[in-house]
Amino acid sequence: MHKLCIRLDTYAGKYRCIRRFICIFMRAFPSMFSEVLCKTEVYLCHNSSMNAGFGDNNCERCLVIAAHAEGLNMLREQAKEWAYDFILCADAGQKIAQQLALRPNAFIGDFDSSPQPAGEYIELSPSAAILSSDLAEQLSLCVHTSMLASEVSDDEELQENIQPLVFLLPPEKDMTDLEAAIDIAAQLGFAHIDVLGGFGGRLDHTLGNVALLAKYVDSPIRLRVFDGINSVTMVGPGTHTVARKGHTYFGVLPYGGCARSVSLSGVKYSVQDIELSDSSTLGVSNEITHAYATVSCEEGYLLLVHSRDT
């Protein structure tokens with residue numbers, strides 16, 4: 001087994017140039033690439049660190065698709081313009097991907113609510129959130145290969161040789177398929193993870209998915225949960241600039257207790273140095289009136305909710 005180590009600068013422009021070069025090679029010599037791939041381990045690294053993955057703020061974006069999503073009709077046109085580097089479907093999320101004409105790079109789940117897709121199977125333990133270093137390294141190789149193949153997705157011969165990954169989870173486990181999907185994406189080093197769906201349907205799942213935002217709020221990972229109606233992130237103490245986007249309403253709600261010294265500007269109802277109680281609806285149904293709003297708090301966590309009427 002040979003090892004091809006490509007060390008990457010942290011600047012995204014150089015990283016993408018290297019990826020583009022490899023993709024041109026893949027397009028020109030697809031059969032050679034498929035043969036070499038069986039004999040070569042490819043590591044794409046930042047700052048000479050073999051475990052760095054993609055994890056800096058300039059790098060790759062992952063879309064995780066949940067089993068249920070509201071307002072898909074409002075996303076059909078937008079989805080055509082999405083530029084995610086990796087798409088991971090949690091169980092029945094593959095049905096949503098089909099509806100939006102998205103091509104997943106990988107699937108994960110126990111597949112109790114959707115058929116098992118064809119692909120390269122990798123069995124995970126009930127505590128899938130913790131990957132061994134060897135498995136993480138193997139998955140990183142597979143992920144990079146799939147990302148590179150996506151760059152030349154119009155090459156049918158190459159695509160036939162690149163199978164999607166299928167992470168198989170046991171039916172009885174310590175987390176939902178969606179949480180496992182987010183954890184896998186995080187451990188593979190994606191700095192930006194968007195979760196499509198997860199709201200609506202079963203209330204216990206909805207509340208659990210909001211809690212996943214809290215799981216990563218203090219990490220370098222930027223996690224967002226969205227559908228055709230809502231887009232939700234969570235922030236901690238500090239000052240945060242929030243873009244207006246295309247939604248009508250902007251809600252600011254405390255999570256896990258009261259938030260103190262909260263200030264909002266650039267919104268219809270601005271406030272200065274107030275306390276938001278977790279037993280009050282004071283922060284709902286605001287509106288961003290400028291290109292950006294500013295949200296700050298000194299203590300506690302805030303859910304930032306962009307929403308529109310159905």
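**Exercise 1. List residues of helix 7 that are buried, then judge how enclosed the helix is.**

Step 1. The buried residues in helix 7 are D177, L178, E179, A180, A181, I182, D183, I184, A185 and A186. Buried means under 20% relative accessible area; exposed is over 50%, and partly exposed lies in between (1.4 Å probe, protein chains only). Helices (H or I, at least four residues) and strands (E, at least two) are DSSP runs, numbered from the N terminus.

Step 2. This is a predicted model, where local features need pLDDT of at least 70, side-chain atom pairs count only at pLDDT 80 or more, and totals for chains, interfaces and linings use all residues. Residues are numbered from 1 along each chain as its sequence is written, and side-chain values use heavy atoms, with hydrogens and water left out.

Step 3. Helix 7 spans residues 177–187, and 10 of its 11 residues are buried, so the helix is largely enclosed by the rest of the structure.

Step 4. Look just past the helix. G189 takes a positive phi of about 100° there.

**Exercise 2. Place L124 relative to A180.**

Step 1. L124 sits in the loop between strand 6 (120–123) and helix 5 (133–151).

Step 2. L124 has 10% relative accessibility, so it counts as buried.

Step 3. L124 and A180 are 56 residues apart along the chain. Their C-alpha atoms are separated by 9.7 Å.

**Exercise 3. Explain why C62 and C89 form no bond.**

Step 1. A disulfide is a pair of cysteine sulfur atoms within 2.5 Å.

Step 2. The closest cysteine sulfur to that of C62 is in C89, at 9.9 Å, too far for a bond.

Step 3. A search of the whole structure finds zero disulfides.

Step 4. Check accessibility. C62 is buried at 1%, and C89 is buried at 0%.
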